Amino acid sequence: MTLAKIEDFSHVTKSLYEQNLELTERNKTLSILQRINSIILSSATDIQQIAGQIANLIVKEADEKIVGLFLRDKSTIKRVSFAVASSLDDFKNDMDAYFFKENIPLSDSGFLATAIREKKSIIVPNFVSLVPQFPEEKAHTIQTIGEITQAAIYPIITHEEVIGAFIVSRREVTDALKAYTEDLINRLVSMIGIALNNALLYQDIQQANQELKHLDKLKDEFVSLVSHELRTPLTTVKGFLSVVMDETKDTMDEEHKQMLKMAYGSTDRLIKLVNDMLDVSRIESGKLTINQTKLNLTDLVKNCIAELQPVSTKQKITVALDDKSDIAHYVSADPDKTKEVIINLVNNALKFTPQGGSVTLSCKEDQGMIITTVKDTGRGITPEDLTKLFGKFTRLEENANQPKIEGTGLGLYISKAIVEAQGGRIWVTSEGRNMGTTFYFSLQKAN
Amino acid sequence: MDAYDKAAQQIINAQKAIIGPLAIEEAKKIHGITMQLPDIIVLSGNKAELLEELVRQYELFFGKASLEICKEAAKQPLSQLPTDQVPQLLRS
């Protein structure tokens, strides 16, 4: 083999070695980053725990001697974790006591606060300078044992905001490894930022959740209290009005009779509103109680029609059950709640149907469900309004030429909740304005 | 195991991480360096000289980068020794 060929061979071998070295260091970097990624993706959400895991990982796998992680909380900086290499184990207690144990104000003139305030990395000439409060002799010993030549502070920035800082001791590294060490540290800072930011976000969400739960509880208690406090006197007023109306029906003049009638009607509406609000509160807090039993739905519908007869007669609207088959349909449902739904739907139909119109109810079986329909010949609903119907406090826009429709806007919302709580579905169709409306709701057929 | 044995062990392990079994093959070429068990290095003779020869072997074949790796690997084990007892090639 010629000298030239030996030299070529030597050159190739050296080049291969350098490439292998690069691969080895990159592998090491990727392995560490992957481990931090696992910490990010793990179910750990406690910041102290996450920061502790990261600090220990860096010390062990990246062969760093001292690592510290800090979080910024408005105008204060606090240490969340630190780790030291095993060669410095004897100084762990000293590190705990002196390595930024107390919170530091953001306005502090030291290196750590400056790095965070100015959002820039700082290289501190030695460990002694980094932590001036550390007992000097011990700081020098730590520096010697750990072969620490400098300390580096990297601000941790996420979404352009500094959330903390990462401190790592630096040692003399051979030229061959210098570039890889820098690369690793830079990547580490980004990953640490993600891990800590996630943990902070989770903390915020947890706190917000706690507050929401508390507010929700307060709201329920308030609604319950207010409803009770309102309902009791209103019921009393309604009762007394009824007595007065009854006892003075032959003696009172027409004008005052009308006033009493209006007062009675208003009280009645207020009581209904309070009851509806209580229902809504129960629905939203998941406390709607359903007592499902085998129920003769056909009979229930007939009873509701009979109950609303005085109103429908007064409004000159026919309400009837279309039941050619004369079959009794049985469902698994709560009798009181289901009655509430039927009364609600028929009342709505009566409100929106003019004199001379009709409201027709029917029940039929369809694929294991019993579907009840309430069909009216009233105003009808536009396609845009159909989508809004089952929301809270929904009242459709009224025509100036038509009489004002009273109501809380909660009836359909409550009906939907009741039907769905029983495993059913409620829906509506209408051909459009003045084309009538048909409401449907389904309930499980009883065996 | 003294400082020289530990240094040799660390150097060979560091080189093995980069070039694999080739690191051990090159080490075995040095008269006085043997493997007793898989991966346990034994130096017999003038250990400082053996260590220096080992490092020179790696440098010869793999260049300056491998010398730097050897220095890095041997730093900790040899830190306990006085400077004049540290092989010339491995001094900072």
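**Close-up views of chains A and B**

**View 1. Secondary structure of chain A.** Chain A carries 13 helices and 13 strands. The model is predicted. Of the 447 residues in chain A, 43% are buried. Contacts within chain A often span the sequence: counting pairs at least 6 residues apart, 67% join residues at least 24 apart.

**View 2. Surface of chain A.** The exposed area of chain A is about 25,100 Å². Carbon and sulfur atoms supply 52% of that area.

**View 3. The contact between chain B and chain A.** Chain B contributes 15 residues to the contact, and chain A contributes 16 residues. Together the two chains bury about 1,300 Å². Carbon and sulfur atoms account for 62% of this buried area.

**View 4. Polar features across the interface.** Three residue pairs make polar contact between chain B and chain A, both residues of each pair being at pLDDT 80 or more. Salt bridges number zero across this interface.

**View 5. The side of chain B that touches chain A.** Three helices of chain B each give two or more residues to this side: H1 (3–19), H3 (47–62) and H4 (64–78). H4(B) provides the largest share, six residues. By class, this side of chain B holds eight nonpolar residues, three polar residues and four charged residues. The charged residues are present on this side, yet the interface shows zero salt bridges.

Key:
Residues numbered from 1 in each chain as written. Chains lettered and ligands numbered in written order. Predicted model: local features only at pLDDT ≥ 70, side-chain atom pairs only at ≥ 80, totals over all residues. Heavy atoms only, no water. Contact = heavy atoms within 4.5 Å. Buried area = accessible area lost by both parts, 1.4 Å probe. Salt bridge = Lys/Arg side-chain N within 4 Å of Asp/Glu carboxyl O. Polar contact = N/O pair within 3.5 Å; in protein donor to acceptor, adjacent residues only side chain to side chain. Helix = DSSP H or I, 4+ residues; strand = E, 2+ residues; numbered from the N terminus. Nonpolar A, V, L, I, M, F, W, Y, C, P; charged D, E, K, R; others polar. Buried < 20%, exposed > 50% of the residue type's maximum accessible area, 1.4 Å probe, protein only. Areas by Shrake-Rupley, 256 points an atom, 1.4 Å probe, with all protein chains shown as cover.
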